[in-house]
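Visitor: I am new to this structure and would love a close look at a single part. Could you pick one helix and walk me through its surroundings?

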Amino acid sequence: MLYSLCVADWAPEINPVIIKDGIIKGIETAKSLGFGGIEIHIKEPALLNCGPIEEALELNGITVTSIASGLGAEAFHYSLSSPDKSEREKAIRAYEEYLILAGRFSSKVILGYFKGDLPPGASRDQYKKRLMESLLICAENAGKHGATIIIEPLNRYIDTFLMDTTETMDIIETIGSDRVGIMLDTCHMALEGYDMESDIRMCAEKLLHFHLSEADRFYPGHGGIDFKHVLKCLKSIDYTNALGFEYRPLPNPIQSAQKGLSYIDRCLAAI
């Protein structure tokens, strides 16, 4: 399984991105610490200067495993399930910019906040219907650009809609596209109280990415999640995609990356 370091040119202090002061710096840091990939967090993908990044990736032997769209979705309040058709169309166009970028790197785009919020009293079925319609268009766009969509169930403390793994898988299976899969995150699963083994096995054929973090968004090994069991479950389903290290960079970026990496190494070695 490939280790992937979360990086950005900029991200708010509270965001779970380890390297926040430069994608190229993130690539170099990933290489020096033993990561094989990076996950790019970006607010406006169309503005990214890809040339120097591609050079740094090639020079350091690093791949882009995934691109996170949450910074843009939060900043511009995009919603693929909005009751307003023009807002949905705006979100579809914005998400396509992420897909274009992912296609350039033969990568995947995370879809979490982009799905939009479910307001109190609103019809869940109607929001789900609109989301499905938008996702079908996004899936077509993903195929057009050679990218893949990975839908991420979040948790109730930061989201109001589609937090359940079963419901997410139902949507993915209904869409029926090989351009749409799921990703799981140990932080969200822990906060929702899900049986991680059950969720991993449920998603086996569509599990395309996996985030590692304690429930408090600190490095693995700091808290109480049984990562050895989680990794054993992933190995049992022959998971070969990336393990993304997505957590807050404390006590500092390098130490947090090193601590998480060494702990996961020890867990895998013990399986």
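Guide: Here is a walk along helix 4 and the core it belongs to, with a short stop at a cavity at the end. Please keep in mind that this is a predicted model.

Helix 4 covers residues 85-104. It has 20 residues and reaches 29 Å from its first C-alpha to its last, close to the 28 Å expected at 1.5 Å a residue. Just after helix 4, S106 takes a positive phi of about 50 degrees.

Now look at which residues of helix 4 are hidden from the surface. R88, A91, I92, A94, Y95 and E96 are among the buried ones, and further along the helix Y98, L99, L101, A102 and G103 are buried too. What do these buried residues pack against? Their partners include three helices: helix 2 (50-60), helix 3 (70-76) and helix 5 (124-145). Strand 3 (63-68), strand 4 (108-111) and strand 5 (148-151) are packed against as well.

Zooming out, the largest nonpolar core holds 79 residues, and I38, F114, L207, F210 and F245 have the most contacts inside it. Helix 4 gives the most to this core, with eight residues.

Finally, the stop elsewhere: the structure holds one cavity of 30 Å³ or more, with a volume of about 30 Å³. Its lining is made of P153, L154, M163, T165, L184, D185, H188, M189 and Y194. Strand 6 (180-185) and helix 7 (186-192) are the elements that give two or more residues to that lining. By class, six of the lining residues are nonpolar, two are polar and one is charged.

Key: Residues numbered from 1 in each chain as written. Predicted model: local features only at pLDDT ≥ 70, side-chain atom pairs only at ≥ 80, totals over all residues. Heavy atoms only, no water. 1 Å grid on protein atoms, 1.4 Å probe; cavity = no way out; pocket = protein on both sides within 12 Å on 5 of 7 lines; lining within 4 Å. Points joined across faces, edges and corners; volume = space filled by probe spheres on them. Helix = DSSP H or I, 4+ residues; strand = E, 2+ residues; numbered from the N terminus. Nonpolar A, V, L, I, M, F, W, Y, C, P; charged D, E, K, R; others polar. Core = buried A, V, L, I, M, F, W, Y, C linked by side-chain atoms within 4.5 Å. Buried < 20%, exposed > 50% of the residue type's maximum accessible area, 1.4 Å probe, protein only. Expected span 1.5 Å × (residues − 1). Contact = heavy atoms within 4.5 Å.
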